[in-house]
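Reader: I'd love a close look at one aromatic spot in this protein, and then a sense of what surrounds it. Could you walk me through it in one go?

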Amino acid sequence: MLLKGGRTLIVRDMGGFIIHANMPGWLMPRTRDHGHGPLAMIVESILHPGRLIAMHEHRNDEIVSWVPDGVMRHDDKATGPLVIDGRHLMVMNAGRSFWHSEETLPSDPPLRMLQIFVRPREANLGPGIQYGPVPPAAPNAWRHLFGPEGGDAPFFVRNAVDFFDIRLEQGASAEFPAREGRDLYFYVFSGRIAAGDHSFAEGEQGLQPGGGHLLLQAKEASLVVAFLIDPAATVTRKGTVGDNPKIPPAFAVRAVKKLAPLSRLWRGK
């Protein structure tokens with residue numbers, strides 16, 4: 001069964017730094033977990049030109065920075081400055097502690113990106129960073145960018161999550177990636193697609209427990225990301241961001257979603 005999730009309710013504007021936090025677990029009925037197995041959350045981040053996020057610490061998160069367009073300028077105490085853009089990917093395997101900063105220069109274009117938070121298999125692993133070029137994107141074809149250690153993806157995270165992206169021309173179709181024993185989660189970064197019996201617009205998401213064959217069709221030019229997740233993987237839930245105690249509990253989110261239509265009715269909308 002394909003489960004659909006709308007645009008996230010968690011949007012935070014910190015003055016030129018805007019985040020839209022998406023919780024894949026909230027698509028599951030009666031869940032108590034905001035994440036889904038080792039995938040803790042997906043944050044769509046917008047950074048205005050000339051904005052600095054000062055040096056700060058992460059612990060026990062595997063953080064992937066995926067920048068389809070624009071430029072994100074990273075700095076850390078181990079590797080120094082790096083530039084992440086449409087031709088480069090970065091993975092911070094934060095482990096027991098990793099410090100970094102992010103910024104855009106006043107001359108840079110507005111930045112819109114995804115930061116993907118994966119729960120590692122255990123707490124306090126060694127810290128490290130991966131950075132490098134990504135394979136060129138072919139039209140209407142999935143690109144495999146990261147997966148578990150020892151796999152065939154160019155980058156790795158320390159748990160059972162694989163990540164793919166695809167740029168679809170209007171009218172093009174493709175099968176979502178599938179693997180036995182993996183659940184499928186996807187997010188529409190831009191455009192509009194049809195999958196199963198649903199239509200998904202920009203910022204909307206889907207979860208198919210058990211995976212299996214699923215076709216998507218682009219109703220307009222679209223950029224989509226997909227994850228194959230082992231829901232039974234052993235995880236640690238101690239991430240500085242991915243499992244922050246301030247994340248609202250799932251039952252509270254379900255209550256807000258139920259009340260939202262009544263609120264619109266009360267306001268005559």
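Author: Let's start with Phe 176, which is buried, with a relative accessible area of 3%. Keep in mind as we go that this is a predicted model. A search of the whole structure finds eight aromatic pairs. One of the pairs joins Phe 176 to Trp 142: the ring centres are 5.6 Å apart and the planes meet at 35°, so this pair counts as tilted. The cut-offs help here, because planes under 30 degrees apart would be called stacked and those over 60 edge-to-face.

Where do Trp 142 and Phe 176 sit along the chain? Trp 142 is in the loop between β12 (128-133) and β13 (143-148), while Phe 176 is in the loop between β16 (173-175) and β17 (183-195), so their pairing ties together parts that are 34 residues apart in sequence. The two partners also differ in cover: Trp 142 is partly exposed, at a relative accessible area of 22%, whereas Phe 176 is buried, at 3%. The value for Trp 142 is 22%, and buried means under 20%, which is why this residue falls in the partly exposed class.

There is also an aromatic cluster to find in your viewer. Ring pairs link Trp 66, Phe 146, Phe 163, Tyr 185, Phe 189 and Phe 227 into this cluster.

For another loop, try Ala 78, which is found between β7 (72-76) and β8 (82-84). Ala 78 is exposed, with a relative accessible area of 65%. From Ala 78 to His 100 is 22 residues in sequence and 8.9 Å in space, C-alpha to C-alpha.

Now for the whole chain around these spots. The protein chain has one helix and 20 strands. Its radius of gyration is 18 Å, close to the 18 Å that the globule rule gives for 269 residues, so the chain is as compact as a globular protein of that length. Along the principal axes, the C-alpha atoms fill a box of roughly 50 × 40 × 40 Å.

Pairings across the sequence can be viewed in bulk too: among contacts between residues at least 6 apart in sequence, 73% join residues at least 24 apart. Of the 269 residues, 50% are buried, Phe 176 being one of the buried residues. The accessible surface of the chain comes to about 12,500 Å², and carbon and sulfur atoms account for 55% of that area. As for charge, there are 30 positive and 28 negative side chains, with the centres of the two sets 8 Å apart.

Conventions:
Residues are numbered from 1 along each chain as its sequence is written. This is a predicted model: local features need pLDDT of at least 70, side-chain atom pairs count only at pLDDT 80 or more; totals for chains, interfaces and linings use all residues. Side-chain values use heavy atoms; hydrogens and water are left out. Helices (H or I, at least four residues) and strands (E, at least two) are DSSP runs, numbered from the N terminus. The radius of gyration is taken over C-alpha atoms; the globule rule is 2.2 Å times the number of residues to the power 0.38. Buried means under 20% relative accessible area, exposed over 50%, partly exposed in between (1.4 Å probe, protein chains only). Contact means heavy atoms within 4.5 Å. Accessible areas come from the Shrake-Rupley method with a 1.4 Å probe; for residues, only the protein chains shown count as cover. Lys and Arg count as positive and Asp and Glu as negative; His and the chain ends are not counted. The place of a charge is taken as NZ of Lys, CZ of Arg, CG of Asp or CD of Glu. Rings of Phe, Tyr and Trp (its six-membered ring) pair if their centres lie within 6.5 Å; planes under 30 degrees apart count as stacked, over 60 as edge-to-face and the rest as tilted.
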